[in-house]
Amino acid sequence: MMSLNPVQIFKMGAEEEKSETARMSSFVGAIAIGDLVKSTLGPKGMDKILQSSSTNEALKVTNDGATILKSIGVDNPAAKVLVDISMVQDDEVGDGTTSVVVFACELLKEAESLVSQKIHPQTVISGWRKAVDAAREALTNAARDNGNDPVKFKEDLLNIARTTLSSKILTQHKEKFSNLAVDAVLRLKGSGNLDAIQLIKKLGGNLSDSYLEEGFLLDKKVGLNQPKRMENAKILIANTPMDTDKIKVFGSRVRVDAVSKVAQLEVAEKEKMKLKVEKIIKHGCNVFINRQLIYNYPEQLFSDAGVMAIEHADFDGVERLSLVTGGEIVSTFDCPEKVKLGTCKLIEEVMIGEDKLLKFSGVELGEACTVVLRGATQQILDEAERSLHDALCVLSQTVKETRTVYGGGCSEMLMADAVSKLAAKTPGKEAVAMESFAKALRQLPTIIADNAGYDSADLIAQLRASHTSGKHTIGLDMQHGRVGDVAQLGITESYQVKRQVLISGHEAAEMILRVDNIIKAAPRPRAPDHRHH
């Protein structure tokens, strides 16, 4: 006789959530994440303060979606998926991190109501897939490309920078920073190598004191009694220990039969150091930059030889220097003929605020430049750096993929319009799913308007009417709280960013919607300690 007891297949302590509950918990988690970052969307979005439990980490004030999501520990699996897409968005294109999460979250809200009307998730998904294709096509057709006209293209870039920065802390000095970012990216001459742009943050002054410095700044001082400026520098960049002149035998066990022998050891150490320095000077360099410390004795030798020695240039500094001056990082000095020295016309000390820095001008990599950010508090500086980084990323993406689209909720409405038109022609339940996709797209401009306290229902109705009647450049004029022509307002966004938001948001939402079981593994039991007390 078979027993009718349920068979337990999971280990003790493992949990399983079945279809309905699993779907509920994914929706709830994902929607909570969406609501969390929702209020940071758009030019009038709010900021969040992130405080971490560990005291050593400074508190952050930010409205960058990726930063917020990175900093919160998320336990809900669906929420984790959304956190991941914001990270990918940040790596791929640098901006639109909030939009992508909010879009996925709105799609899931729509899905939730459809599933509760007994429409099968797979039906919803196949409707969405058609909708995405329609939306992407509409976006691509609406994209403009001024890549061949440098003057217009620069204007596009400036507009994109303004649009990106308008939702960030730098919005007060939008003009200044847009120009700064565009200049920096255009210097790269299309290489898009953001490593050549260095950001240095210096407390003091205010944001409007920030500026773009040509050349390269190293946040270091020159060693003692050494030349303070150096023309036509030949730079040897090294990563090697230069601290063996102080004898280290006192910490280790050395057997000697008289104290005088220790002195001999010291002399031997010094000799070794001297040889090393001579080898280095044989390379014909007049500047020696080391990633590690340089002690007093070798420093003396260098200054006797008239070589400027800079110690402990942190790793980023060294890596960047080798990129910018065209030198290689060396750690052994036996074959000078194989070593490529970096070059630079002039090295001098400059003052920024209270600090002295070394400025390298006339470097080999002409596009190298340094943005010096000034600000009143560390939090402001960090947030300014994040904002500027977003802008630089988007701009360097745009230099590669020169197409642009209109911002201000215009592209979303345009895509929603295309999807709605397709839904009207589609028979069957998929049409309902498509309509829900269009609705989710329209949520983005709705939220942007809500965040500024405008009447979103009225504005979105106007937008929708304009787009349906074929006026495809109408978007939100956030300065005045009304509908306006985005082409005249100059609200431009990168096509790449918008496309990425559409595709990633859809993929994440679809992935969460496909879930019907969540299985949590049993926690691992702690093994007892086998210590002898």
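This note comments on a three-stranded sheet, its packing helices and several salt bridges in a predicted model.

1. The sheet is open and of mixed pairing, with its three strands in the order E5-E14-E6. Its edges are formed by strand E5 (197–203) and strand E6 (211–214), each of which pairs on one side only, and neighbouring strands are turned against each other by 25° on average, direction ignored.

2. Strand E14 (residues 369–375) runs parallel to E5, the two being joined over seven bridges; within E14, Thr370 is the residue that stands opposite Gln198. Helix H7 (residues 174–187) packs on this sheet, where it touches E5, E6 and E14, and its direction makes about 25° with that of E6.

3. Helix H11 (residues 378–400) lies across E5 and E14 and runs at about 165° to E5. A salt bridge also links this helix to the strand, since Lys201 belongs to strand E5 and Asp382 to helix H11, 181 residues apart, with 3.0 Å from N to O. Lys201 is partly exposed at 29% relative accessible area, whereas Asp382, at 18%, counts as buried.

4. Among the 23 salt bridges counted, that of Glu510 with Arg129 has its closest N and O atoms 2.5 Å apart. The pair connects helix H16 (residues 495–513) with helix H5 (residues 121–142) across 381 residues of chain; Glu510 is buried at 7% relative accessibility, while Arg129 is partly exposed at 43%.

5. Arg442 and Glu435 form a further salt bridge, with closest N and O atoms 4.0 Å apart; Arg442 is buried at 8% relative accessibility, and Glu435 is partly exposed at 29%. Elsewhere, salt bridges that share partners join Asp35, Lys38, Glu106 and Lys109 into one network.

Key
Residues are numbered from 1 along each chain as its sequence is written. This is a predicted model: local features need pLDDT of at least 70, side-chain atom pairs count only at pLDDT 80 or more; totals for chains, interfaces and linings use all residues. Side-chain values use heavy atoms; hydrogens and water are left out. Two strands pair if DSSP finds at least two bridges between them. Helices (H or I, at least four residues) and strands (E, at least two) are DSSP runs, numbered from the N terminus. Axes are lines fitted to C-alpha atoms, for helices over the stretch in contact, and angles run from 0 to 180 degrees between N-to-C directions. Contact means heavy atoms within 4.5 Å. A salt bridge is a side-chain nitrogen of Lys or Arg within 4 Å of a carboxyl oxygen of Asp or Glu. Buried means under 20% relative accessible area, exposed over 50%, partly exposed in between (1.4 Å probe, protein chains only).
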